[in-house]
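Student: I'm new to this structure, so please don't show me everything at once. Take me slowly through one part of it, the salt bridges.

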Amino acid sequence: MDYQKIASDVYNLAESDDPIAPIVREALQVIEQCLGQYGQDHVSLSFNGGKDCTVLLHLYAAVLARKVSSTHNPIFALYIPDPSPFSALEEFVKIATQDYLLDLFTCNLSSDIQLPVESVTPGVSTPSALKGSSGYIGHSVQTRPVGAARGGEGMRRALELYKLRFPDIQAILVGTRRTDPHGTTLSYRNVTDPGWPAFERINPIINWAYSDIWTFLRKLKIPYCTLYDEGYTSLGSTYNTLPNPALLVKDSDSSHTLPSSLTVVANNPNAMCFVESTPPKSSLNDIGPFTIIADNPDQICLADPVSDLRESESPRSTLGPFQVLVSDPNTQCQGEVNDRSAYGVRLPPRYRPAYELQDGALERAGRVSGPVISEI
């Protein structure tokens with residue numbers, strides 16, 4: 001990771017005429033002010049692999065490279081996993097830890113109290129603390145405590161553990177935005193209540209909109225968790241997180257290309273299909289240049305991957321309720337996605353990437369606790 005390039009890209013964007021330049025400048029100033037007060041050795045960053053904290057991490061790396069040290073010392077960071085986290089998210093956390101040189105402490109508590117830092121505490125705004133997004137941020141900032149939150153006991157215990165392990169940390173950078181749960185009344189800086197571990201929460205991107213996050217990530221080509229390309233817009237536990245229904249590809253949006261070079265004729269268009277191979281049995285496998293689709297995941301596929309079976313030359317291979325006709329390996333089988341099926345094969349739902357969500361108010365529509373909209 002070229003930290004000097006990160007700093008150059010981010011600060012150039014902040015000084016440009018781009019529409020997001022003011023909020024980038026604002027975030028940089030908040031981070032610079034925090035580091036000016038506490039120093040890097042006393043500041044940590046809350047990182048769970050989500051899009052918001054990925055933006056924050058990149059901003060923080062830019063400030064460290066530009067204002068603190070060109071050698072870029074390891075960044076103190078805290079990870080509080082959700083219960084049953086997505087494997088893709090865990091993998092991205094590992095990659096980001098390596099790329100950004102994070103000194104990451106994973107706070108593993110029992111599953112009943114695991115909560116993300118980003119959604120735990122309500123707060124009280126302090127309008128006089130900082131000027132607007134295009135104004136200069138002064139050096140004297142008043143902060144007010146944030147109170148107890150729903151489910152806040154888990155967060156309190158996690159922060160207690162972190163404080164015990166890292167007693168010198170005084171401030172934690174958090175990727176909370178105004179539209180997040182409990183984010184409405186937060187300011188740029190909020191200290192914890194009496195009875196909680198003594199930290200100051202720093203919220204540099206509090207005024208960023210959903211679209212701003214994606215503009216920043218894509219404009220600077222910043223790597224992010226792959227789940228966002230699969231229709232997820234807000235990540236939590238696998239128990240309560242689904243692709244956003246607002247991004248579901250409608251039947252009229254596009255056609256679908258079946259895998260490999262296979263024509264499938266199905267007797268039961270409502271059956272869910274699995275890809276099957278010859279022994280050893282396993283789903284989602286290819287044999288030769290052909291992909292064989294079978295209704296029964298336990299059934300062995302006996303189709304010859306080399307032969308070119310045509311209706312006039314040989315009987316079709318029968319797989320449960322499906323009849324499979326192997327076609328020219330150079331031919332792609334096209335199927336219109338009407339009634340979610342093609343050539344009788346029921347296709348899995350497809351979703352557009354998260355950055356295509358037009359209405360930021362629906363960001364959490366894929367979460368159990370988010371707003372409910374009708375399936376498209």
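**A close look at the salt bridges**

Tutor: Searching the whole structure turns up eight salt bridges. Keep in mind as we go that this is a predicted model.

Let's start with Lys51. Its salt-bridge partner is Glu363, and the closest N and O atoms are 2.7 Å apart. Now look at where those two sit: Lys51 is in helix H3 (residues 51–68), while Glu363 is in the segment after strand S16 (345–346). That makes them 312 residues apart, so this pair links distant parts of the chain. Neither one is out on show, either: Lys51 and Glu363 are both buried.

Move along to Asp52. Here the partner is Arg177, with 3.1 Å between the closest N and O atoms. Asp52 belongs to helix H3 and Arg177 to the loop between S5 and strand S6 (189–192), so this salt bridge ties together parts that are 125 residues apart in sequence. Once again both partners, Asp52 and Arg177, are buried.

You can now put those two pairs into one picture. Lys51, Asp52, Arg177 and Glu363 are linked in a network of salt bridges.

For a more local example, find helix H5 (residues 152–165), which holds both Glu160 and Arg156. They are four residues apart, about one turn of the helix. Their side chains meet in a salt bridge with an N to O distance of 2.3 Å. Is Glu160 buried or partly exposed? Its relative accessibility is 31%, so Glu160 counts as partly exposed.

While you have S5 in view, follow it to its neighbour. Strand S5 (residues 171–173) pairs with S1 in the parallel sense, over three bridges, and Val43 stands opposite Ala171 in S5. On its own account, S1 (residues 43–46) is covered on both faces: Val43 and Leu45 are buried on one side, and Ser44 and Ser46 are buried on the other. S1 also runs parallel to strand S2 (residues 75–79), joined to it by two bridges. Ser46 has Leu78 as its bridge partner in S2.

One last stop is a charged residue with a polar contact to show you. Glu200 lies in strand S7 (residues 200–202), and a polar contact of 2.5 Å joins its side chain to that of Tyr38. Why does Glu200 count as buried? Because its relative accessible area is 4%, and the cut-off for buried is under 20%.

Conventions: Residues numbered from 1 in each chain as written. Predicted model: local features only at pLDDT ≥ 70, side-chain atom pairs only at ≥ 80, totals over all residues. Heavy atoms only, no water. Buried < 20%, exposed > 50% of the residue type's maximum accessible area, 1.4 Å probe, protein only. Polar contact = N/O pair within 3.5 Å; in protein donor to acceptor, adjacent residues only side chain to side chain. Pairing = 2+ DSSP bridges. Salt bridge = Lys/Arg side-chain N within 4 Å of Asp/Glu carboxyl O.
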